[in-house]
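Biologist: I am new to this structure and would like a close look at a single part of it, the place that the database record marks as its active site. Please take me through that part slowly, and then through whatever in the surrounding chain helps me to find my way.

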Amino acid sequence: MKKLITFITVLSLMSTLLVPHSVTAAGSFNYGEALQKSIIFYEMQRSGRLPENNRVNWRGDSGLNDGADAGLDLTGGWYDAGDNVKFNLPMAYTATMLAWSVYENRDAYKRSGQLGYILENIKWATDYFIKCHPSPNVYYYQVGDGHLDHAWWGPPEVMQMQRPSFKVTSDSPGSTVVAETAAALAAASIIFKETDPSYSATCLKHAQELFTFADTTRSDEGYKAANGFYTSHSGFYDELTWASAWLYLATKDSSYLDKARSYQSYWEKELGTNIIKYSWGHCWDNKLFGACLLLARETGDSVYKQVIENNLDWWTVGFNGGRVQYSPKGLAVLDMWGSLRYATTAAFLADVYADWSGCDSAKAKIYREFAKNQIDYALGSTGRSFVVGFGVNPPKYPHHRAAHGSWEAMMTTPSEHRHILYGALVGGPGANDAYTDSINDYQSNEVACDYNAGFVGILARMYDKYGGDPIPNFNAIEPVGEEFVIYGALNASGPTFTNMKVTLANMTGWPPRGSDTLSFRYFVDISEVVNAGYKASDITVSASASNGAKVSPKLIEWDASKNIYYVEVDFTGTYIYPGGINEYKRDVYFSINAPNGFSGLDNTNDFSFKGLDKASPQTGAKTEYIPIYDNGVKIYGMEPGEPAATPTKTVTPTPTPKETPTATPVDFVKGDLNGDKTFNSIDYAYLKMHLLGMNKLNEAQLLAADVDNNGQVDSIDYAIMKQVLLGIRKDF
């Protein structure tokens, strides 16, 4: 299975080096690639039991007990941002926006090959919303305590904190979040009608019930748990208008248009005026601008038209003497917190509205230019990308627990992120274009579901207009890095005893996972004891500190003919997981005691003592000679008798580009980079690491990697290796 995963891993990474990205001259960027990566981001945010077609190998099942406190299954949905809470208000807004994008540009998703992915991601959220709505006037709007969650910096797969469920009812309502969810499900009912009519009908039924619930209660009295994180500053009438618009589009029932008109007197006004508020942006909190855009197109009503145009004018040329602030390099900066999510969402609305026949042609030109300038800023028009894993100098340190992959629950460990959070739009720069790529800058460098919502929409439209090449078969399957480690050191010794300190560490990240069935074996050679006339049973083992482990009191036989035995240290019942400085590792001190009357104990010939003679007892030395087991199955290290890794052969130096080797060196196999005399996917992975600058090949490996014999090692060799692995060509 590990070989299969490795093979899939290296094949998937091939595309980043070889696929040409043809973009039309007017396009500026590869919008197809940006679109597909912005969509896969939502797969990295998934909570619950992941599907078999999961494209992210560093994410695993998580939050499997969500809803248990309420006696419900509330698994699924998306984690909100760089944290592990499920806040339904921004989640539902995100689902609505993604559905809106499909509603506007379904053909673009089809042509880019992304329709199946975007629909699957929307359904991941809407399935969860349906679970959250067990009866007409009950809705669970949040799972997880924001304060408890934010106090722990760890991956969701190994969360240990309580995850309470919070609901609103007719006695304690929450019209904002309920109406937003109604909008999400109504929009979903439209886009799934073509592919899954039954599911579409289910979504619509819940949308209508939720809308009625929100409209009849008209209160946020029960919406409390999200306060301070996602407080509804704009109230609930914008959500009711938004939901009405989507329900009208889903049903063509004019009563929903009547409902939308009935809310107009409650819409926010500009301070001290009777003008409907225009100086803000469409976002998780305020949906009035998007609602009015939809209603303007459907009805032609000048009220709706004026609201959306006032807002878009304020974002572009200015309105009523005011305009959104612009940075020196052209970013429209509404707010310092997540500036890019506001700008790219405004870009989506501007471009959608500009393409409506009811929009004045002069305004349409301005709105389209604004839209393209803002999305291009995000993609790198100023010299750097603000999208993880895309473009030139993209962010490497987003404020995101799962992508960072800390086993110590600390932002400083590891120093580099272990995973690439492809497609995530970071918060972005401030009004002076200043930006620092730092994990602890959650204002500029956090990511969130709602950040990507309008961003995906405008990317689909840019792809529709300018083209671009999505990467074939793109995924986020990574090479598996270091996960389980053993450190050992000689703590004390004498002629009658050996006292060892051994540390077992669980640093799993592909995906993170805990276990309460771990153990390790310390192998010894007792030849000196046997030669003196004693037996293995005469030797005793004692533990001065075991940290929850059971240490075998006697040596256990491995190969009696060679006098090889081992000490077993079994942590069964002790949960070890990558979730904190005291949670991911266990130190064990144990002594191997010589038989009574024997004083010639020798640890230097012990299999597991190799390389530990000079190790510091404080830190220990990493060793492969103390193997780790999970439920009795070896998962790390070597056992006595296992062959060591074959060293790389010394061969003639790599020839210059104009030279061709006249003879094949002895023991040389073309394509064999790890010295095992065969070519396989492991060698392919070695070359990938070299080409990405992560691990340079030596001279011998470079010669083996030059499979096209042109004296250079480059992506062409990588492509040929792929063809051989896939059977497209027989050999080199």
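Modeller: What follows begins with the annotated residues and then turns to some backbone details and a pair of helices.

The model is a predicted one, and the label itself comes from a record: an unreviewed UniProt entry gives the annotation "active site" to His 399, Asp 437 and Glu 446. These residues span 48 residues in sequence, yet no two of their C-alpha atoms are more than 10.1 Å apart, so they gather at one spot. From this set, His 399 and Glu 446 belong to the lining of the second largest pocket.

His 399 is a good place to start, and you will find it in the loop that runs between helix H13, residues 361-379, and helix H14. With a relative accessibility of 6%, His 399 counts as buried, because the cut-off for that word is under 20%. If neighbours within four places in sequence are set aside, His 399 is in contact with residues from several parts of the numbering, among them Gly 82, Trp 153, Met 411, Asn 440 and Tyr 442. Ile 439 is also one of these contacts, and here the link can be described more closely, since a polar atom of the His 399 side chain lies 2.7 Å from the backbone oxygen of Ile 439. The list of contacts of His 399 includes Glu 446 as well, which brings us to another annotated residue.

Glu 446 sits in the loop between helices H15 and H16, and at 13% relative accessibility Glu 446 too counts as buried. Not counting residues up to four places away in sequence, Glu 446 touches Ala 81, Gly 82 and Asp 83, and its other contacts include His 399, Leu 425, Val 426, Gly 427 and Tyr 451. The side chain of Glu 446 reaches the backbone nitrogen of Gly 82 at 3.2 Å, and Gly 82 is also listed among the contacts of His 399.

Some backbone details are worth following from here. The loop between helix H14 (401-404) and helix H15 (442-445) contains Pro 414, and the peptide bond that leads from Thr 413 into Pro 414 is cis, with omega near 0°. A cis peptide bond also joins Trp 510 and Pro 511, where omega is about -5°; Pro 511 lies in the loop between strand E7 (497-506) and strand E8 (518-525).

Positive phi values appear at two asparagines that I would point out. Asn 473, in the loop between helix H16 (449-466) and strand E6 (484-494), has a positive phi of about 55° although it is not a glycine, and its relative accessibility of 69% means that Asn 473 counts as exposed. Asn 547, in the loop between strand E9 (540-545) and strand E10 (550-551), has a positive phi near 50°, and at 44% relative accessibility Asn 547 counts as partly exposed.

Finally, there is a helix pair to look at elsewhere in the chain. The axes of helix H2, residues 31-44, and helix H4, residues 115-131, come within 10 Å and cross at roughly 35°, and the crossing of H2 past H4 is left-handed. Where these helices meet, Ile 39, Tyr 42 and Glu 43 come from H2, while Tyr 117, Ile 118 and Asn 121 come from H4.

Notes. Residues numbered from 1 in each chain as written. Predicted model: local features only at pLDDT ≥ 70, side-chain atom pairs only at ≥ 80, totals over all residues. Heavy atoms only, no water. Helix = DSSP H or I, 4+ residues; strand = E, 2+ residues; numbered from the N terminus. Buried < 20%, exposed > 50% of the residue type's maximum accessible area, 1.4 Å probe, protein only. UniProt positions renumbered as here; feature names shortened; annotations may be inferred. 1 Å grid on protein atoms, 1.4 Å probe; cavity = no way out; pocket = protein on both sides within 12 Å on 5 of 7 lines; lining within 4 Å. Contact = heavy atoms within 4.5 Å. Polar contact = N/O pair within 3.5 Å; in protein donor to acceptor, adjacent residues only side chain to side chain. Axes fitted to C-alpha atoms, helices over the stretch in contact; angles between N-to-C directions. Left-handed = near helix turned anticlockwise from the far one by under 90°.
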